[in-house]
Amino acid sequence: RNGHILGISLSYEPDAGAYINADCLDESAEEKMQELFDKKRMVFHNAKFDIPMFEFHFNVKLSRFEDTMLMHYMLDENPGTHGLKMLAMKYTDYGDYEKPMYAWMDEYRKQNGVLKNDFKWEWIPFEVMKDYAAIDATVTFLLFEKFEKAMKKGNPNLLRVYRDILLPACRFLMSVQDNGVPFCKDRLLASQDLMLEEITEAVETLQNHAAVIEFQEKEGKEFNPNSVLQLRKLLFDYAKLEPTGIKTEKGENSTNSEVLERLALQHEIPQLILNVRKKTKIKNTYLDKILPQLDRDDRLRTGFNLHGTTSGRLSSSGKMNMQQIPRDNPIVKGCIRAKDGHKIVAMDLTTAEVYVAAVLAKDENLMNVFKSGGNFHSSIAKLVFNLPCEADEVVDLYPTQRQAAKAVTFGIMYGAGASKISQQVTADSGKHFSRTDAQEVIDDYFRQFSNLRKWIDMSSKFIMDNGFIYGATGRKRRLPNVKSDNQGIQGHEVRSGLNFLVQSVASDINLLGGIEMNEYIKNNSMKSKIIQYIIIFV
């Protein structure tokens, strides 16, 4: 929708490539393309981008396809390693084949006074474009030959994940992206005005605080909450707050969000500053950016990536990261609206990662908490602390214990120790929760869920001994740095591996659920559409 195809590249054997200018592609060419797509497996590097471009701009439909980007993701899950140019330089003899074209682009911009961001690809002459474009297809062919052979010779788990999860998920996400997220333009405009009012009010409240007034009188200038130097002086010189001990690279007292959240327990100024920052971010990062990027049908279409994380969890990029819409503030989510007569239905796998851990660890006590139903964290707190009340009363009668149980539940699977649990509970509850208290909760927790402890220890040992681990769905997480002499690096690798074991499975369950639901919708001729795991029912 936001571009057009200049040409297509083809390769059908090693070291043979062709580039066709799109101006040559008429209806008869489209028919030949469809015939080719029906007879052959089509190999792309990032099929989730290429296939929608083909299907949107040409009258064709692709069914069988392969993706060298996803293949490489199976062979090396580290983000930032899957680009075609990088892989071509590493695995083929073509080297930096893009260099001549980019040199031409630099010279063109220089001669014509064109800024880099203003350059248009259609300005590149066919004679310059053809070699680069043809080699693009050629190296994709070569990478496919190497990667398919490696996957077939390697562990069958990797090929199974690629065939049974990634390729179906690729087609599913094309559909999700094409559906787009429906926004109400009028509500967005109203929300912009509302947030501006709230920001103005929050700034005035901050500026009228006694410590800020004193700062402005003595410093002879208006306080700027975005100035790190001014903020540091206000917090530690005027408000007389005790530094947290967290330092910048230059050894100065930090004023980052974590520091402000801790200091907010001592004084109201850090909370006022956080409030201003939060509201400003909502307006600038979301409301102001959504409006100009809506398509003509008032939908925002952004990207979802299968290869962006080491754990297999999806990531989002493009016009907006749809996975980072503020959860605690309803103003942005409230702008997501179905048309009149339609409904938006949201579904979530509550505490999915803990559920996965309970099953993998075969911990009957933890599984029984899920089976009993009710509020999970309240039930855990009642069990761990042996609280003399019903589970549904815990949130009102024992909020600190519930917060402690929640922090331990989410923390222990990722290697959080007593210090981290202490900080988390203190921040969440607003009451001091000592390291000793945290260690006691951890000990009590593992007395209740002893099989979980054994599973964590066993998995940690496997990671340390082997430098990798496989998830329950077949994904592999490579962790070579466990052999490091640095214990901090070792510990981080082990925690990453434990994170992977639960997060990858929880993510795949969610992904497979989305794939199956999408097929159900199509097979039953429903008008419903999935948008970021949200289904609009008509």
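Colleague: Before we look at this predicted model, which cut-offs separate buried from exposed?
Modeller: A residue is called buried when its relative accessible area is under 20% and exposed when that area is over 50%. Whatever falls in between is called partly exposed.

Colleague: Is Tyr102 buried, partly exposed or exposed?
Modeller: The relative accessibility of Tyr102 is 32%, and the range between under 20% and over 50% is the one for partly exposed residues. Tyr102 therefore counts as partly exposed.

Colleague: Which kind of aromatic pair do Tyr102 and Trp121 form?
Modeller: Tyr102 lies in helix α5, whereas Trp121 lies in the loop between α5 and α6, 19 residues apart. Their ring centres are 6.3 Å apart and their planes stand at 90 degrees, and planes over 60 degrees apart count as edge-to-face. The pair is therefore edge-to-face.

Colleague: And which kind do Tyr108 and Trp123 form?
Modeller: This pair also joins helix α5, which holds Tyr108, to the loop between α5 and α6, which holds Trp123. The ring centres are 5.7 Å apart with planes at 40 degrees, and that angle is neither under 30 degrees nor over 60. The pair is therefore tilted.

Colleague: Turning to the interior, which helix gives the most to the largest nonpolar core?
Modeller: The largest nonpolar core has 76 residues, and Phe54, Phe183 and Leu306 have the most contacts inside it. Leu306, for its part, touches residues including Leu166, Ala169, Cys170 and Leu173. With 12 residues, the helix that gives the most to this core is α7.

Notes:
Residues are numbered from 1 along each chain as its sequence is written. This is a predicted model: local features need pLDDT of at least 70, side-chain atom pairs count only at pLDDT 80 or more; totals for chains, interfaces and linings use all residues. Side-chain values use heavy atoms; hydrogens and water are left out. A nonpolar core is a set of buried Ala, Val, Leu, Ile, Met, Phe, Trp, Tyr and Cys residues joined through side-chain atoms within 4.5 Å. Buried means under 20% relative accessible area, exposed over 50%, partly exposed in between (1.4 Å probe, protein chains only). Helices (H or I, at least four residues) and strands (E, at least two) are DSSP runs, numbered from the N terminus. Contact means heavy atoms within 4.5 Å. Rings of Phe, Tyr and Trp (its six-membered ring) pair if their centres lie within 6.5 Å; planes under 30 degrees apart count as stacked, over 60 as edge-to-face and the rest as tilted. Lists of a residue's contacts leave out its neighbours within four places in sequence.
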